Amino acid sequence: MKEGIHPNYREVVFMDLQTGNTFITRSTLNSRETIEIDGTTYPLFKCDVTSESHPFYTGAQTRIVETGRVEKFRQRFARTAGLRNKKSDA
C-alpha cells in the first residue's frame, strides 16, 4: 500500500445532544473540543441526531403514520356508512 494517502484514524467520542448519550468509535474527524472518559482524553463531536434520538429508530415516526392511517380509515368508513343509510331509507 502507498504511504501517506490513508487518513489517520483515532478514537473519537460522539455525543447526542438530545439524549446526552455518548459513544466512542474510530474516526478521522478533527475537533477542538475534548472530553475525558475513564481517565483518557478524546476529541468530542456533538451530534444533533443519532440512532438514540431519531424518530425512525425510536418508533415515534411509525406511531404518527399509524395515527394518520386510522383517521383516514374512519373518514372513509363514515362516508360509506352514510351512503348505506341513505340507500336503506329510500
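## Starting on a helix

Let's begin with Arg 79, which sits in helix H2, the stretch covering residues 60-89. Its relative accessibility is 55%, so Arg 79 counts as exposed. One thing to keep in mind from here on: the model you're looking at is predicted.

Arg 79 has company. Together with Arg 69, Lys 72 and Arg 76, Arg 79 forms a positive surface patch. If you're rotating the structure, those four residues are a handy group to highlight.

## The overall layout

Now step back to the whole chain. How many helices and strands does the chain have? There are two helices and four strands. Follow the sequence from start to end and the order reads β-β-β-β-α-α. In other words, the strands come before the helices along the sequence.

How much of the chain is buried? Of its 90 residues, 14% fall in the buried class.

## A salt bridge to look for

Searching the whole structure turns up one salt bridge. The partners are Glu 33 and Lys 46, and their closest N and O atoms are 3.2 Å apart. Glu 33 belongs to the loop between strand S2 (22-27) and strand S3 (34-37), while Lys 46 is part of strand S4 (residues 40-47), so the contact ties together parts of the chain that are 13 residues apart in sequence.

Are these two partners buried or exposed, or something in between? Glu 33 has a relative accessible area of 40%, which makes it partly exposed. Lys 46 is partly exposed too, at 39% relative accessibility.

Glu 33 also has another residue to check against. Leu 44 is eleven residues away along the chain, and the C-alpha atoms of Glu 33 and Leu 44 are separated by 5.3 Å.

## Aromatic rings

The phenylalanines are worth a look next. The count of aromatic pairs in this model comes to three. One of them joins Phe 14 and Phe 45 in an edge-to-face arrangement, with 5.5 Å from centre to centre and 65 degrees between the planes. Phe 14 is in strand S1 (residues 10-16) and Phe 45 is in strand S4, so this pair links parts of the chain that are 31 residues apart in sequence. Phe 14 is buried, with a relative accessible area of 14%, whereas Phe 45 is partly exposed at 33%.

Another pair is made by Phe 73 and Phe 77, and this one is stacked: the centres are 6.1 Å apart and the planes 15 degrees apart. Both residues are in helix H2, four residues apart, so about one helical turn separates them. Phe 77 counts as partly exposed, at 48% relative accessibility. There is also a group to pick out: Phe 14, Phe 23 and Phe 45 form one aromatic cluster.

## A residue with a positive phi

Asp 38 has a backbone detail you might miss at a glance. Its phi is positive, about 55 degrees, although Asp 38 is not a glycine. Where is Asp 38 placed? You'll find it in the loop between S3 and S4. Asp 38 is exposed, with a relative accessible area of 80%.

## Residues apart in sequence

Two more places let you compare separation along the chain with separation in space. Thr 28 is in the loop between S2 and S3, and at a relative accessible area of 38% Thr 28 is partly exposed. What is the C-alpha separation of Thr 28 and Tyr 9, which are 19 residues apart along the chain? The C-alpha atoms of Thr 28 and Tyr 9 are 4.9 Å apart.

The other place is Asn 8, in the segment before S1. Asn 8 counts as exposed, with 68% relative accessibility. Asn 8 and Arg 26 have 18 residues of separation in sequence, and their C-alpha atoms are 9.7 Å apart in space.

Methods:
Residues are numbered from 1 along each chain as its sequence is written. This is a predicted model: local features need pLDDT of at least 70, side-chain atom pairs count only at pLDDT 80 or more; totals for chains, interfaces and linings use all residues. Side-chain values use heavy atoms; hydrogens and water are left out. Patches are made of residues with over 30% relative accessible area and no salt bridge: like charges are joined within 9 Å, nonpolar side chains (Val, Leu, Ile, Met, Phe, Trp, Tyr) within 5 Å. Accessible areas come from the Shrake-Rupley method with a 1.4 Å probe; for residues, only the protein chains shown count as cover. A salt bridge is a side-chain nitrogen of Lys or Arg within 4 Å of a carboxyl oxygen of Asp or Glu. Lys and Arg count as positive and Asp and Glu as negative; His and the chain ends are not counted. The place of a charge is taken as NZ of Lys, CZ of Arg, CG of Asp or CD of Glu. Buried means under 20% relative accessible area, exposed over 50%, partly exposed in between (1.4 Å probe, protein chains only). Rings of Phe, Tyr and Trp (its six-membered ring) pair if their centres lie within 6.5 Å; planes under 30 degrees apart count as stacked, over 60 as edge-to-face and the rest as tilted.
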